[in-house]
Amino acid sequence: MGKLDNYSEEEWHVVASVPQLVGATMASAGFSGIVGSGKELFATVRSMMGAKETYANNPLITAIIPDPEAAKEAMSDASVQRKQFVNRVKEAQINSKEGLTKLVLEDCRKALSIVKEKEPETVVEDYKAWVLNIAETVANTAKEGGFLGFGGEQFSENEQKLFAELKQVFQ
């Protein structure tokens, strides 16, 4: 399945960008410090790339995951996705975590609607599970609220709230 075989360019952008946006939004839901935030962003990448094996038979997910052999193309795609999202954030005049979360949840709803319309149920269920797994993995990667690595919460209250909202979207 090529990236755009069943999708318009705009639809593909929404569907393909949601996993990364969910990981980044979960990483920003709580403050883990510089090291913890780096770990959470790396967990997003690791969760996405791990899906290559877990969902090897899912043509949608395998089309979304960057091909390590084509690093230039993957970087270009990521750059385009980032620019499009940044432009949407600017156009919507979002200047808070809450506003960003609302926009990402809206994208999740759009992506799910698009995927449900175009894909068989098994592909849809895998996509939902994958996105929720990314969110949960990121939330469990680093502690929030500690000092120099001591104390803090592994799955903070803000992360739990966001995860509950994501679960509600992906029911």
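A residue is called buried here when its relative accessible area is under 20%. By that yardstick, helix α6 of this predicted model has a good list of buried positions: Val123, Val124, Tyr127, Lys128, Trp130, Val131, Leu132, Ile134, Ala135, Val138 and Ala139. An α-helix has 3.6 residues a turn, so residues three or four places apart point the same way. That spacing is worth keeping in mind when reading the list against the structure.

On the whole-chain level, the picture is all about helices. The protein has seven helices and zero strands, and reading along the sequence simply gives α-α-α-α-α-α-α. Of the 171 residues in the protein, 41% are buried. Among contacts with a separation of 6 or more, 70% are between residues 24 or more positions apart. The exposed surface comes to about 9,800 Å², with carbon and sulfur atoms supplying 54% of it.

Helix geometry checks out for α5 and α6. With 22 residues at 1.5 Å each, α5 should span 32 Å, and its end C-alpha atoms sit 31 Å apart, which agrees. For α6, residues 121–139, the 19 residues should span 27 Å, and the end C-alpha atoms are indeed 27 Å apart. Helix α5 has its own set of buried residues, namely Gly99, Thr101, Leu103, Val104, Leu105, Asp107, Cys108, Ala111, Leu112, Ile114 and Val115.

Helix α7, residues 157–169, packs against α5 at an angle of about 25°, with the axes 10 Å apart. Angles under 35 degrees count as roughly parallel, so α5 and α7 are roughly parallel. On the α5 side the contact is made by Thr101, Leu105, Cys108, Arg109 and Leu112, and on the α7 side by Leu162, Glu165, Leu166 and Val169. The crossing of this pair is right-handed.

Helix α7 also pairs with α6. Here the axes come within 10 Å and cross at roughly 175°, which makes α6 roughly antiparallel to α7. The residues involved are Leu132, Ala135, Glu136 and Ala139 from α6, along with Glu159, Phe163, Leu166 and Lys167 from α7. Leu166 turns up in the α5 contact and again in the α6 contact. On the α6 side, Leu132, Ala135 and Ala139 are buried residues.

Two lysines make a handy contrast. Lysine 128 belongs to α6 and, at 6% relative accessibility, counts as buried. Setting aside residues up to four places away in sequence, lysine 128 touches Leu112, Phe170 and Gln171. Of these, Leu112 is itself buried in α5 and takes part in the contact between α5 and α7. Lysine 110, by comparison, lies in α5, residues 97–118, and its 37% relative accessibility puts it in the partly exposed class. Beyond its neighbours within four places in sequence, lysine 110 is in contact with Val14 and Arg88. Measuring C-alpha to C-alpha, lysine 110 is 10.0 Å from valine 169, with their positions 59 residues apart in sequence.

Glycine 50 offers one more link across the chain. This glycine is found in helix α2, residues 33–54, and is partly exposed, with a relative accessible area of 36%. Its C-alpha lies 10.0 Å from that of tryptophan 130, although the two are 80 residues apart in sequence. Tryptophan 130, for its part, is one of the buried residues of α6.

Technical notes. Residues numbered from 1 in each chain as written. Predicted model: local features only at pLDDT ≥ 70, side-chain atom pairs only at ≥ 80, totals over all residues. Heavy atoms only, no water. Helix = DSSP H or I, 4+ residues; strand = E, 2+ residues; numbered from the N terminus. Expected span 1.5 Å × (residues − 1). Buried < 20%, exposed > 50% of the residue type's maximum accessible area, 1.4 Å probe, protein only. Contact = heavy atoms within 4.5 Å. Areas by Shrake-Rupley, 256 points an atom, 1.4 Å probe, with all protein chains shown as cover. Axes fitted to C-alpha atoms, helices over the stretch in contact; angles between N-to-C directions. Parallel < 35°, antiparallel > 145°, perpendicular 65-115°, else oblique. Left-handed = near helix turned anticlockwise from the far one by under 90°.
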